[in-house]
Amino acid sequence: MKVRTMGRHLREGSRNITRNGWMSFASMSSVAITLFILGVFLLLALNVNHIANVVERQVEIRVFVKQGVEKVEVDKLAEKLKDFSQVESVTFIPKEEGLENFKKSFGDKAYWFEGLEKENPLSDEFVVKTKDPVETEMVAERIKNLPYVESVNYAKDMIKKLFTITTMIRNVGIGFIVALAFTAMFLIANTIKLTIVARRREIEIMKLVGATNSFIRWPFFIEGLLMGGLGSVVPILLLLLGYRYLIDLVQVDLNLYFLDLLPLNPLAWQLSVLLMGIGAFIGVWGSMMSVRRFLKV
Amino acid sequence: MIEMLDVWKTYPNGTNALEGINVKIEKGEFVYVVGPSGAGKSTFIKLMYREEKPTKGTILLNGFNISKLKERQIPKVRRSIGVVFQDYKLLPKMNVYENVAFAMEVVEATKKQTKPRVLEMLELVKLKNKLRSYPSELSGGEQQRVSIARALVNSPGTIIADEPTGNLDPETSWEIMRIFEEINLRGTTVVMATHNREIVNTLRKRVIAIEGGRIARDQQRGEYGYEG
């Protein structure tokens with residue numbers, strides 16, 4: 001294909017959008033509305049997932065060592081803990097440090113506990129984090145049976161409930177997104193199909209004048225690309241502005257302080273690229289599928 | 001040059017539209033194709049620009065064997081002829097100039113080549129004053145003239161017209177016929193299916209009559225030969 005013909009296709013494709021004014025507007029609106037809804041759910045799902053991750057990562061196992069165990073044995077225990085394949089990190093808190101922390105938590109009343117250093121009632125302690133928080137219970141049960149371990153402490157029932165809830169939220173989120181994406185695709189493709197069906201006579205005429213299939217297809221390709229791309233601009237802007245407003249709101253309002261939202265920076269780009277990509281893809285796909293049916297003249 | 005050798009056409013519903021057509025149309029000829037409705041006239045015309053494919057037989061057109069044509073090559077054949085339809089088939093969202101220029105865009109002509117050529121053709125059909133009008137703003141005769149300009153713009157050796165005056169009043173029909181005669185005098189082959197008795201009997205040319213899917217009559221300077 002010659003360069004000027006490509007230029008002609010670009011010009012023709014974009015002019016078709018204005019030529020078919022209302023039809024193009026209908027297509028772009030349906031792209032905009034569906035992408036907006038999709039975007040809202042995407043933001044919601046990503047943030048819920050993020051919050052679930054943050055909460056889960058706070059799960060840890062506290063391992064208390066029996067009183068009066070030799071330093072060598074404690075080191076051996078540390079090695080054993082690190083040997084678990086599921087364990088991500090092991091932090092040792094000697095009882096002296098434990099006492100310091102304990103005292104610190106009482107602030108200026110710490111003097112109440114002066115002298116406890118001599119006969120420290122606390123145990124040496126390990127804080128263990130697993131790679132996958134779901135494995136916490138299993139790992140904790142195995143640590144319990146290691147020698148010199150006095151007791152393990154983890155929020156057993158709480159963890160179980162937490163994981164049931166986060167898994168459910170994630171699955172529902174994914175289900176929603178997938179269903180929405182499909183709905184969006186069919187809705188948009190259908191609207192675009194209507195705009196092209198209205199032009200089947202045009203396609204037929206072009207063929208009778210001796211236009212090749214690709215010559216006819218190109219402007220439609222560009223038209224679909226532009227309509228999908230342009231249609232995604234408005235929802236992207238609305239979503240980003242809305243999200244920024246929400247972040248500001250959460251930061252200012254102490255009642256919402258616990259809501260740890262994903263920061264705008266990488267998210268804005270990811271969301272824009274994703275939505276624009278989906279828009280353009282669906283635009284082109286809908287356009288091509290519809291033209292194909294009328295090319296056989 | 002157009003040549004048909006034992007051409008048969010059976011539609012999927014079982015209708016035999018053409019039964020063993022043999023005909024030869026030389027370069028520069030002017031031919032009327034006449035016959036009652038449903039006799040196969042339209043099929044005969046449609047085979048020439050490959051809207052229909054023959055069931056059997058060979059069709060030669062400007063050196064192409066169009067009965068053996070691959071899907072991919074159809075556009076090439078259609079560019080070597082100009083086709084004029086009863087319903088004009090103009091692109092509704094393009095103006096007069098764009099409609100004619102479209103046929104040149106299809107063959108990837110440069111802008112420099114396109115503009116003077118399009119204007120020349122619109123001059124020929126006397127529509128130079130309506131360049132920016134859209135088909136819906138034109139009369140039937142004007143629309144048909146645009147479609148003729150489009151058919152001619154790539155200087156094809158052959159013009160195929162399927163009842164070009166079918167929707168027009170007598171006076172406008174004569175305007176159109178004058179254009180066809182003019183381009184025929186310039187050396188273009190014209191094949192025209194028509195129901196217009198007055199035109200065939202006045203502007204005497206070769207007449208091919210098709211009845212029941214066969215050529216019933218083929219005579220130089222013939223008459224229309226049917227009532228009405």
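Buried area here is the accessible area (1.4 Å probe) that two parts lose on being put together, summed over both. Keep that in mind for the first close-up; everything shown comes from a predicted model.

**View 1. Where chain B meets chain A.** Put the two chains together and about 2,200 Å² gets buried between them, with carbon and sulfur atoms giving 55% of that area. Three residues stand out on the chain B side: Arg78(B), Lys93(B) and Glu108(B) supply 29% of what chain B buries against chain A, more than any other three residues. As for who takes part, the contact draws 23 residues from chain B and 24 residues from chain A.

**View 2. Polar links across the interface, and the chain B elements behind them.** Nine residue pairs are in polar contact between chain B and chain A, counting pairs with both residues at pLDDT 80 or more. On chain B, the elements that give two or more residues to the side touching chain A are α2 (74-79) and α3 (96-106). Of these, α3(B) gives the most, with five residues. Sort the residues on that side of chain B by character and you get eleven nonpolar, one polar and eleven charged.

**View 3. Salt bridges from chain to chain.** Side chains of opposite charge can pair when their charged atoms come close. Six salt bridges turn up across the interface of chain B and chain A, while a search of the whole structure finds 26 over all chains. Two of the cross-chain pairs are worth zooming in on. Glu105(B) and Arg8(A) meet through their side chains at 2.8 Å, N to O. Glu105(B) sits in helix α3 of chain B and Arg8(A) in helix α1 (residues 3-19) of chain A, so this pair joins two chains. The other pair is Lys93(B) with Glu202(A), whose closest N and O atoms are 3.7 Å apart.

**View 4. A four-stranded open sheet in chain B.** The strands line up as β2-β1-β4-β5 of chain B, with antiparallel pairing. At the edges sit β2 (16-25) and β5 (64-65), each pairing on one side only. Going across the sheet, seven bridges join β1(B) to β2(B), five join β1 (residues 2-10) to β4(B), and β4 (residues 56-61) pairs with β5(B) over two bridges. Follow one row of residues: Lys24(B) in β2(B) stands opposite Glu3(B), Glu3(B) stands opposite Leu60(B) in β4(B), and Leu60(B) stands opposite Asn65(B) in β5(B). Look also at the hairpin of β1(B) and β2(B), which has five residues between the strands. In its turn, Gly14(B) has a positive phi of about 100 degrees.

**View 5. Annotated stretches of chain A.** The unreviewed UniProt entry places "transmembrane region" at residues 21-46, 172-197, 218-247 and 267-286 of chain A. Residues 218-247 of chain A are 100% helix, with end C-alpha atoms 43 Å apart. Residues 267-286 of chain A are likewise 100% helix, and the end C-alpha atoms there are 28 Å apart. UniProt also lists "domain: FtsX extracellular" (unreviewed entry) for residues 59-152 of chain A. That stretch of chain A is 34% helix and 23% strand, and its end C-alpha atoms are 13 Å apart.

**View 6. The annotated domain of chain B.** For chain B, the unreviewed UniProt entry gives "domain: ABC transporter" at residues 2-227. This span of chain B is 33% helix and 26% strand, with its end C-alpha atoms 29 Å apart.

Note on methods. Residues numbered from 1 in each chain as written. Chains lettered and ligands numbered in written order. Predicted model: local features only at pLDDT ≥ 70, side-chain atom pairs only at ≥ 80, totals over all residues. Heavy atoms only, no water. UniProt positions renumbered as here; feature names shortened; annotations may be inferred. Contact = heavy atoms within 4.5 Å. Salt bridge = Lys/Arg side-chain N within 4 Å of Asp/Glu carboxyl O. Polar contact = N/O pair within 3.5 Å; in protein donor to acceptor, adjacent residues only side chain to side chain. Nonpolar A, V, L, I, M, F, W, Y, C, P; charged D, E, K, R; others polar. Pairing = 2+ DSSP bridges.
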